[in-house]
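Me: I should be grateful for a close look at a single part of this structure. Please state every cut-off on which the description depends.

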Amino acid sequence: MNSQNPEEDLLAERLNHEPVVLLGYTDSEFAFAVKLASALAFPLTLSVGLALGKPLPGLGGGFLLALALVVLGGKMLQRLKRGKPDFYYQTRLKLALHRVGLKDSGLLRYRGFMSLGRSI
């Protein structure tokens, strides 16, 4: 890959993948993580703030908690993705949901002996 033209170094398989944005998150994973962390953090801290009579510090705490959840999730995702093929954890999640019976994985699962059907 020591070519003079940098365009020759581009591989089609690398161009089709989402780039890593922050802490191991791709763009769509990061957006999902921010939405999920906000949906968990803001109602929790706002209700605590309202119970104490201080709703504004509750919103500030929600922002900090959401930020902490995104960072911790990114660290966990880095560890989960390290050394694994692309879409590994998505496939594992599909299989886990299939095993519990919540969703059809769409993957072939077969346990048993396979043979070519030949006889001697």
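Reply: The account that follows sets out the chain briefly and then examines helix 2 and what covers it.

This is a predicted model, in which local features need a pLDDT of at least 70 and side-chain atom pairs count only at pLDDT 80 or more, while totals for chains, interfaces and linings use all residues. Residues are numbered from 1 along each chain as its sequence is written, and side-chain values use heavy atoms, with hydrogens and water left out.

The protein chain has four helices and two strands, arranged from the N terminus as α-β-β-α-α-α. These elements are DSSP runs numbered from the N terminus: helices are H or I with at least four residues, and strands are E with at least two. Of the 120 residues, 14% count as buried; buried means under 20% relative accessible area, exposed over 50%, and partly exposed in between, with a 1.4 Å probe and protein chains only. The accessible surface comes to about 10200 Å², and carbon and sulfur atoms account for 64% of it. Such areas come from the Shrake-Rupley method with a 1.4 Å probe, and for residues only the protein chains shown count as cover.

Helix 2 covers residues 27-52. At 1.5 Å a residue its 26 residues should span 38 Å, and its end C-alpha atoms are 37 Å apart, which agrees. The expected span is 1.5 Å times one less than the number of residues. Just after the helix, glycine 53 takes a positive phi of about 85 degrees.

Which residues of helix 2 are buried? They are Glu29, Ala33, Ala37, Ala41, Thr45 and Gly49. An α-helix has 3.6 residues a turn, so residues three or four places apart point the same way. The cover over the buried residues of helix 2 includes strand 2, helix 3 and helix 4.

Helix 3 (residues 55-81) has 27 residues, for which 39 Å is expected at 1.5 Å a residue; the 38 Å between its end C-alpha atoms agrees. Buried in helix 3 are Gly58, Gly62, Ala66, Val70, Gly74 and Leu77. Helix 2 is in turn among the elements that cover these residues, together with strand 2 (25-26) and helix 4 (88-100). Glycine 83, which follows helix 3, has a positive phi near 75 degrees.

Three places show how helix 2 meets its surroundings. The first topic is alanine 37, which touches Ala66, Leu69 and Val70, not counting residues up to four places away in sequence. Contact here means heavy atoms within 4.5 Å. Alanine 37 also belongs to the largest nonpolar core, whose seven residues are Tyr25, Ala33, Ala37, Ala41, Ala66, Val70 and Leu77. Helix 2 and helix 3 are the elements that give two or more residues to this core. A nonpolar core is a set of buried Ala, Val, Leu, Ile, Met, Phe, Trp, Tyr and Cys residues joined through side-chain atoms within 4.5 Å. In soluble globular proteins, nonpolar side chains tend to be buried together.

The next topic is threonine 45 and its partner across in helix 3. Glycine 58, which lies in helix 3, is 13 residues from threonine 45 in sequence and 4.9 Å from it in space, C-alpha to C-alpha. Glycine 58 counts as buried because its relative accessibility is 6%. Neighbours within four places in sequence aside, glycine 58 is in contact with Thr45, Leu46 and Gly49.

The remaining topic is glutamate 29, also found in helix 2. At 12% relative accessibility, glutamate 29 counts as buried. The side chains of glutamate 29 and lysine 81 are joined by a polar contact of 2.9 Å. A polar contact is a pair of N or O atoms within 3.5 Å; within protein, one must be able to donate a hydrogen and the other to accept it, and residues adjacent in sequence count only if both atoms are side-chain atoms. Beyond residues up to four places away in sequence, glutamate 29 touches Gly24, Leu77, Lys81, Tyr89 and Gln90.

Two loop residues complete the picture. Leucine 23 lies in the loop between strand 1 (20-22) and strand 2; its phi is near 50 degrees, a positive value in a residue other than glycine. Leucine 23 is partly exposed, with a relative accessible area of 22%. Phenylalanine 87, in the loop between helix 3 and helix 4, likewise has a positive phi, near 60 degrees. With a relative accessible area of 56%, phenylalanine 87 is exposed.
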